[in-house]
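Work through the exercises below with the structure open beside you. Try each task before you read its solution.

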Amino acid sequence: MTRYLARRLAFALFLVVAVSSASLILTRLAPGDFVTQSTNTQANRAEIDRERALLGLDKSIAAQYRDWLTAILRLDFGHSKQFDRPVRDIIPERAANTAILALTALILATGVGIPLGIVTGSRRGGALPHAIRAVSLVLLSMPPLLTSLLLVFVAARTGWFPIAGMRSPAVPPGGALLDLLHHLVLPAAAIGLPLAAMLERLQSQAMSEVVGEPFVLAAIARGVPHSRVVWRSALKAALRPVAAVYGLIVGTLLSGSFAVEVISAWPGLGTLMLGALRTRDIYLVAGCAGAGALFLAFGTLFSDVALAFVDPRASDAAAERGARA
Amino acid sequence: MTRRIGIALVTIALAGAVAAPWLAPHAVNDRFDGLLNAPPTIPRVIDADGSLRAPFIYAWHRVSQLEQRYEEDRSARVGLVWFAGGRLVRSANETDAPLLLLGADSYGRDVFARLAFGARLSLGLAVAAALGAILLGASIGAVAGYYGGRLDDVLMRSTDFVMVLPSMYVALALRSVLPLVLSASEVFALLGAIFAVVGAPFVAHGVRAIVRSERRLEYAAAAEALGASDLRLLARHLLPATRGFLAVQSTLLLPAFIVAEATLSYVGLGFPDQVASWGTMLQEASTNIRVFADFPWLLSPAAAMFLVVLGLNLMLQSDRPLRESGNRVIG
């Protein structure tokens, strides 16, 4: 288990370094740089060169990359030209905003999707499972981009929820936390609902497979009540395939939160990265990518460990796979 | 049943895209300056007196130029002309009372025409990218599964790596490091290539697994013993076994690509503004906050996207039938 954890941590570190390095180098290779994207057309050659030198753009890519790496060892992630602040000061707040959004969405999706999946998976007929299945299919066809637009549409017509942003300009009665929650409902639902539908379908399939196993039949034959069989014995076996999916969900969450952040003006990593990419603010791009990769690494690590708890075979298999390479 | 509905939805969308020049009453960029953000003109068969007529529309009469509010001009019926001028249906008075089935956008352009022509770009891109992803993924998977060993390890590890990354960000990063201003056809080729690269690993994984297990079967061994070359064995015997998997994969990739185009165009990294694609239409609609309250027809690309994705999902539903036999115990 320790070996397995160490291996996973090493992979996490590799992921963060590889992703942020790749984005730094790609952005540097891209046509145009921060100076061409931001200075006005009247700037003369000398001004442009001076600006470039300030940004380290006169150095070769290799030299700049080396300097950036050594600076990171001192926890200096470079300076964002766009905000004129150190990258280290900008990222944590934005990353926290994305984390709030993504975690709420994940909790919503899990809380709604898994129990409903158990219900639909353990029964064959009936109006309720059919209705849930139909709603799931509709939601599955509404990726966060569309769900977000639909929810904003509803909010704009009813005025029940704010349609954009994360906080009101002035703290309303009820306090800042309530205000944040009020703003959080729509974006979190936009990411969470399609995800809930996906989890419901997966859990339903896993459940319906387990319910056909001999041990379930045996339990029923012994006279164990139906609900007890479903929610205790069968559920334990049916959680495994769903738990395995959580490793990939982090990526889905981040992808989904990008669209939602853009539509509902949520000040998260996605909008920050978009702006940084467009202005070629290279250290900020690398910082955003690194933060995203960190989320990803911890998400997959967490889900792997959770999976190992649900199913001890998983860690053995994974350790074996790792040992082979 | 659900499968039929799915096929119907997808077919309608594809047919609409192909037949766009015939189906749309106007060209993509025809502008009606007096009808900015005008609501849809609904074809009617019952007139103001309550008597039955051949299908007709009422012209929009502008009530307020500033607020862009319109009222139906019930004084005169405007007839519809069928199969004239190479188009399915147009209004009898195109200059003053154009047929706007889904209203007009903020430039006074026909939203229905833009939706139909936009489908060509949005769906065309998704189909092209899905084909690319399948070709690329199947080749990688076939090579990895067939030869095994170190090559297999390297290929599968790199595809694993790409699969873990959030695909939207990968596409975003790849797109934004390329020149930001490009022509529509350049964007088409570029996004197609990017989506294919991002989607290929998902295909490669499944193909590898199938090729690996098929390779061990007797028929593959027999073909090899008869002297079939690697290429022949792969192309004639092993890859055909992945057909079902590839069909399912493409129905999974298409929705992802349609939405990816829309998202990238929405943030200004997709097709150029003036080109009609579902993404650019949504982007343009979103610039005016009144869209949600007053001009909902501008969001029709979102509805179209939903219907196509729903259709694809419904097609997939019956490919994986619920295990009837296993379900019998508890019911």
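Two strands pair if DSSP finds at least two bridges between them. Keep that cut-off in mind for the first exercise. The model is predicted.

**Exercise 1. The first hairpin**

Task: Find how strand 1 and strand 2 of chain B are joined, and in which sense they run.

Solution:
- Step 1. Locate strand 1 at residues 44-46 and strand 2 at residues 52-64 of chain B.
- Step 2. Count the bridges. There are 2 bridges between these strands, and at least two are needed for a pair.
- Step 3. Check the direction. Strand 1 and strand 2 of chain B run antiparallel.
- Step 4. Pick out a facing pair. B:Arg44 stands opposite B:Phe56 of strand 2.
- Step 5. Look at the turn. The hairpin has 5 residues between its strands, and B:Gly50 there has a positive phi of about 90°.

**Exercise 2. The next two pairings**

Task: Follow chain B from strand 2 to strand 3, then from strand 3 to strand 4, and give the number of bridges for each pair.

Solution:
- Step 1. Strand 3 covers residues 69-84, and 8 bridges pair it with strand 2 of chain B in the antiparallel sense.
- Step 2. Across this pair, B:Ser64 faces B:Arg69 of strand 3.
- Step 3. These two strands also make a hairpin, with 4 residues between them. B:Gln68 has a positive phi near 55° in this hairpin.
- Step 4. Strand 3 and strand 4 of chain B are antiparallel too, joined by 4 bridges.
- Step 5. Here B:Trp82 lies opposite B:Val89 of strand 4.

**Exercise 3. The whole sheet**

Task: Write down the strand order of the sheet in chain B. Which strands stand at the edges?

Solution:
- Step 1. The sheet is open, has 4 strands and follows the order 1-2-3-4, with antiparallel pairing.
- Step 2. Strand 1 and strand 4 (87-91) of chain B are at the edges. Each has a single partner strand, so one side of each lacks a neighbour in the sheet.
- Step 3. On average, neighbouring strands of this sheet are turned by 45° against each other, direction ignored.

**Exercise 4. Two crossing helices**

Task: Describe how helix 3 and helix 6 of chain B cross.

Solution:
- Step 1. Find helix 3 at residues 111-147 and helix 6 at residues 184-215 of chain B.
- Step 2. Their axes come within 4 Å and cross at roughly 35°.
- Step 3. The crossing of helix 3 and helix 6 of chain B is right-handed.
- Step 4. Sort the residues of this contact by class: 25 are nonpolar, 8 polar and 3 charged.

**Exercise 5. The side that touches chain A**

Task: How many residues of chain B are in contact with chain A, and which helix gives the largest share?

Solution:
- Step 1. On chain B, 33 residues are in contact with 44 residues of chain A.
- Step 2. Elements giving two or more residues to this side of chain B include helix 4 (149-164) and helix 9 (243-266).
- Step 3. Helix 12 of chain B gives the largest share, 6 residues.
- Step 4. By class, this side of chain B has 24 nonpolar, 7 polar and 2 charged residues.

**Exercise 6. Overall form**

Task: Is chain B a compact globule or more spread out?

Solution:
- Step 1. Chain B has 12 helices and 4 strands.
- Step 2. Its C-alpha atoms fill a box of roughly 85 × 50 × 45 Å along the principal axes.
- Step 3. The radius of gyration of chain B is 25 Å, well over the 20 Å of the globule rule for 331 residues, so chain B is more spread out than a compact globule.

How values were computed. Residues numbered from 1 in each chain as written. Chains lettered and ligands numbered in written order. Predicted model: local features only at pLDDT ≥ 70, side-chain atom pairs only at ≥ 80, totals over all residues. Contact = placed C-beta atoms within 7 Å. Nonpolar A, V, L, I, M, F, W, Y, C, P; charged D, E, K, R; others polar. Axes fitted to C-alpha atoms, helices over the stretch in contact; angles between N-to-C directions. Left-handed = near helix turned anticlockwise from the far one by under 90°. Rg over C-alpha atoms; globule rule 2.2 N^0.38 Å.
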